[in-house]
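Okay, thanks everyone, I'll keep this short. Let's put the structure up and talk about rings, and then about a hairpin.

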Amino acid sequence: EHALDDTGTVRARRVVTYGALRLEEHPVRADADASATLLAAAWLEGPRSAPETFLLRRLAFAGCEVDLPALAHSAAVGARRLSDVKIEAVLPRDQRLELERQAPETMVLPSGRHVRLDYQEDGTVLAAVKLQELFGLAQTPRIGPRREPVLLSLLSPGGRPVQMTRDLESFWNRTYPEVRKELRGRYPRHPWPDDPWSATPTHRTKPRPRS
């Protein structure tokens, strides 16, 4: 018989029985097919790790139709423990390309840096960005087959949320002047231009004046 131990590793035993009585048990080499079936079933039952949840939400957002039981079994072939079952490793190449195109892991900011995209259970895609890194960007980035706007969590230089928006243009026009008034005294070493539309995006502080 085959079973998973507390570490998620497949263990096999030869059991000698007499009726309902178990007379003897001896460890034996695990059968590859039985191990794959056991590991695939355990993976499908969950729970999911954070990376697995991230991948499955990206697949759903991208509209990729996958046969999860078949993928789980493919990923379990040759594995000895549950942590070895990696679904992403057995995704067909065309689906990996579609996933990267429609539901990327990161987004490039106008400042040149990459920010991680967080795919939520409800289908929302969130990006936490310091607002100075978005100077000059008028329209909210859109991704996915339905061109969904990214929900931007705009942060102060100290990393605190300032505003949540899917409409960056409206933020610059209506909210930014008040944000600028409130935060430029608190963060004087950071740029707070009157015109964010034409300002240079940056993740740095203003250069110190030379003496």
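So, searching the whole structure turns up 6 aromatic pairs. Keep in mind that this is a predicted model.

The pair I'd like to start with is Phe61 and Tyr119, which sit edge-to-face, 5.4 Å centre to centre with 65° between the planes. Where do these two residues lie? Phe61 is in helix H2, residues 50-62, and Tyr119 is in strand E6, residues 118-119, so the pair ties together parts that are 58 residues apart in sequence. Are they buried or exposed? Phe61 has a relative accessible area of 5%, so we call it buried, since the cut-off is under 20%. Tyr119 is buried too, at 2%.

Staying with Phe61 for a second: Arg146 lies over the face of that ring, 5.8 Å from the ring centre. There's another arginine over a ring elsewhere, namely Arg48, which lies over the face of Trp43 at 4.0 Å from the ring centre.

Back to ring pairs. Which residues do they link into a cluster? That would be Phe135, Phe171, Trp172 and Tyr176.

Okay, on to the hairpin. Strands E10, residues 151-155, and E11, residues 161-165, pair in the antiparallel sense, over 4 bridges. If you want a spot to look at, find Ser153, which stands opposite Met164 in E11. Between E10 and E11 there are 5 residues, and in that turn you'll find Gly159 with a positive phi of about 90°. And as a general reminder while you look along the strands, side chains in a regular strand alternate between the two faces of the sheet.

Note on methods: Residues are numbered from 1 along each chain as its sequence is written. This is a predicted model: local features need pLDDT of at least 70, side-chain atom pairs count only at pLDDT 80 or more; totals for chains, interfaces and linings use all residues. Side-chain values use heavy atoms; hydrogens and water are left out. Rings of Phe, Tyr and Trp (its six-membered ring) pair if their centres lie within 6.5 Å; planes under 30 degrees apart count as stacked, over 60 as edge-to-face and the rest as tilted. Helices (H or I, at least four residues) and strands (E, at least two) are DSSP runs, numbered from the N terminus. Buried means under 20% relative accessible area, exposed over 50%, partly exposed in between (1.4 Å probe, protein chains only). A charge sits over a ring if NZ of Lys or CZ of Arg is within 6 Å of the ring centre and within 35 degrees of the ring normal. Two strands pair if DSSP finds at least two bridges between them.
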